[in-house]
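Student: I have a model open and would like to learn how to read it. Where should we begin?

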Amino acid sequence: MKEKLLIYNIGQLLTLKSSKDTPRKGKKLSDLGVVNNASVLIQGDKIAKCGVEREVLRGIKRSSISKEIDAKGMMVSPGFVDPHTHPVFFGTREEEFCMRLAGMKYMDIAAAGGGIRNSARRFRKATKSDIKKQTRTVLKRLLKHGITTIEAKSGYGLSFDSEVKALEVIKELNGKQPIEMVPTFLGAHEFPDEYRDNREEYIRILVEEMIPYVAENNLAEYCDIFCEEGVFDVEQSRKILKAAQKQGLKIRMHADEIHPIGGAELAAEIKAKTADHLVAISDEGIRMMAKAGVMPILLPATSFSLNTGKYAPARKMIEAGLPVCLSTDCNPGSSYTESASFVITLACLHLKMSPEEAFAAYTINPAYSLDRNHLIGSIEAGKMADLIIWETPNYREIPYHCSVNLVSRVIKGGKKVV
Ligand code: NIG
Ligand code: FE
């Protein structure tokens with residue numbers, strides 16, 4: 001018999017349950033499926049029953065329950081699903097943060113040899129075991145902030161061996177700590193030092209060597225690219241991403257982050273699963289993404305950290321019917337944060353999203369973006385028991401009580417992990 005865990009006396013339960021099996025769009029983005037005076041009964045790693053306490057407890061012998069948690073009237077939500085992270089890196093880049101404080105731009109630091117290439121130089125020299133240690137630290141922090149599933153990208157190796165090293169770190173840490181990582185190959189994060197003057201050769205290596213190896217060895221589910229002025233242009237991106245699709249990888253894209261070069265349009269053309277950042281997206285890009293069913297992933301902590309004052313046009317996207325998602329973009333360059341609550345605060349203040357929209361964009365919608373909507377993202381019978389017990393009775397306190405971690409306990413797969 002699987003162990004039973006009962007969480008009772010929940011003041012406010014955000015179930016995110018809905019009758020329709022689709023990502024939340026438009027007005028539906030605000031529907032959190034709130035139940036007051038609720039309980040959740042967990043059996044093994046799954047949710048057995050949830051809803052109004054009286055109904056959950058009806059017909060259940062209290063003696064058959066092995067563990068109980070009194071939520072003391074506080075709020076319970078699904079664990080956050082963070083659909084865009086770069087957690088596998090080595091060392092940090094605070095010197096570049098100071099260069100930006102002194103007035104230099106993110107892309108100018110990158111063009112001068114810093115940025116992603118700076119991280120790649122450190123990453124290549126580091127051993128797998130040292131990288132694993134640092135990645136574990138990042139994962140622990142993400143978990144403390146209530147994040148129970150992430151999409152995890154490679155992208156600081158920029159060579160066959162080092163990119164494989166990054167994806168192996170992800171694979172080897174899956175199951176060894178509580179967070180589930182969905183792996184994405186991001187070999188096309190930047191052109192490495194040795195191919196600055198022979199970019200076609202790096203593209204050839206990506207297409208003919210790295211992508212086939214990654215796909216054949218099941219090292220990634222998705223392929224991503226930094227499609228941006230000065231990095232991979234639209235034509236190069238199309239070639240690389242089509243090669244990835246041919247090998248069975250699904251597509252996510254860093255698109256239109258700084259310049260509107262047609263990244264969103266390309267995402268729509270090739271039917272990518274997601275297009276991310278989108279600070280500079282065109283109206284046509286929004287229209288095309290809505291038509292093609294590409295999910296936008298918005299990263300306001302990146303805009304905040306780069307201090308550009310420019311944020312993605314979230315309201316326009318919501319009005320166009322796009323199922324918006326939020327994420328940390330946790331990485332050592334443009335967004336060094338593990339805090340989902342902070343991202344929710346920024347989404348409310350700068351993306352003009354409501355607290356309700358922000359919660360849906362951080363739970364059920366990203367679960368769809370990772371093709372795990374049948375398993376995670378909401379609190380429903382049959383789904384994984386991934387949830388957060390908060391220190392507040394009301395979800396609206398999360399964006400309002402800014403930069404404070406109000407996560408009290410985290411349950412992942414039915415086990416208390418924080
Ligand atoms: O999503 N924009 C490209 N990639 C990352 C940043 C990587 C870095 O600076 O290390 C991002 O912001
Ligand atoms: Fe990113």
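**Reading the model**

Tutor: Begin with two residues: histidine 84 is buried, and histidine 86 is buried as well. Keep in mind that this is a predicted model.

Student: Which residues coordinate the iron ion (ligand 2)?

Tutor: For a metal site, list the donor atoms and their distances. Here the iron ion (ligand 2) is coordinated by NE2 of His84, His86 and His254 and by OD of Asp329, at 2.0 to 2.3 Å. Two of these donors are the buried histidines, His84 and His86.

Student: What spacing do the donors follow along the chain?

Tutor: The donors of the iron ion (ligand 2) follow H-x1-H-x167-H-x74-D.

Student: How do I judge the overall form of the chain?

Tutor: Compare the radius of gyration with the value for a compact globule. For 418 residues that value is near 22 Å, and the chain has 21 Å, so the two agree. Along the principal axes, the C-alpha atoms fill a box of roughly 70 × 45 × 45 Å. The secondary structure comes to 16 helices and 16 strands.

Student: What share of the residues is buried, and what share of the contacts links residues 24 or more positions apart?

Tutor: Of the 418 residues, 58% count as buried. Among contacts with a separation of 6 or more, 73% join residues 24 or more positions apart.

Student: What does the chain expose, and how many charged side chains of each sign are there?

Tutor: The exposed area is about 16,600 Å², of which carbon and sulfur atoms supply 51%. There are 59 positive and 52 negative side chains, and the centres of these two sets lie 7 Å apart.

Student: Now a single residue. Where is proline 87, and is it buried or exposed?

Tutor: Place the residue in its element, then read its accessibility. Proline 87 is in the loop between strand S6 (80-85) and helix H2 (94-101). Its relative accessible area is 1%, which is under the 20% cut-off, so proline 87 is buried.

Student: What does proline 87 touch, leaving out residues up to four places away in sequence?

Tutor: Proline 87 touches Thr135, Val138, Ile150, Ala152, Lys153 and Cys330. In addition, its C-alpha atom is separated by 10.0 Å from that of isoleucine 131, which is 44 residues away along the chain.

Student: Can we follow the contact with Thr135 from the other side?

Tutor: Threonine 135 is in helix H5 (residues 128-144). Threonine 135 is buried, with a relative accessible area of 0%. Beyond its neighbours within four places in sequence, threonine 135 is in contact with Pro87, Val88, Val169 and Leu173.

Student: Which backbone angle is worth a look in the loops?

Tutor: Check phi, and note where its sign is positive in a residue that is not a glycine. Aspartate 371 has a positive phi of about 55 degrees, and serine 403 has one of about 60 degrees.

Student: Where do aspartate 371 and serine 403 lie, and how accessible are they?

Tutor: Aspartate 371 lies in the loop between H15 and S14 and is partly exposed, at 27% relative accessible area. Serine 403 is in the loop between helix H16 (397-400) and strand S15 (407-412). Serine 403 is exposed, with a relative accessible area of 63%.

Student: Is asparagine 373 buried or exposed?

Tutor: Asparagine 373 is found in the loop between helix H15 (364-369) and strand S14 (387-390). Its relative accessibility is 17%, so asparagine 373 counts as buried. Not counting residues up to four places away in sequence, asparagine 373 touches Asp21, Ala367, Tyr368 and Lys383.

Technical notes
Residues are numbered from 1 along each chain as its sequence is written. Chains are lettered from A and ligands numbered from 1 in the order in which they are written. This is a predicted model: local features need pLDDT of at least 70, side-chain atom pairs count only at pLDDT 80 or more; totals for chains, interfaces and linings use all residues. Side-chain values use heavy atoms; hydrogens and water are left out. Donors are N, O and S atoms within 2.8 Å of the metal (3.2 Å for Na, K and Ca); water is not among the atoms, so sites may look incomplete. Buried means under 20% relative accessible area, exposed over 50%, partly exposed in between (1.4 Å probe, protein chains only). Helices (H or I, at least four residues) and strands (E, at least two) are DSSP runs, numbered from the N terminus. The radius of gyration is taken over C-alpha atoms; the globule rule is 2.2 Å times the number of residues to the power 0.38. Contact means heavy atoms within 4.5 Å. Accessible areas come from the Shrake-Rupley method with a 1.4 Å probe; for residues, only the protein chains shown count as cover. Lys and Arg count as positive and Asp and Glu as negative; His and the chain ends are not counted. The place of a charge is taken as NZ of Lys, CZ of Arg, CG of Asp or CD of Glu.
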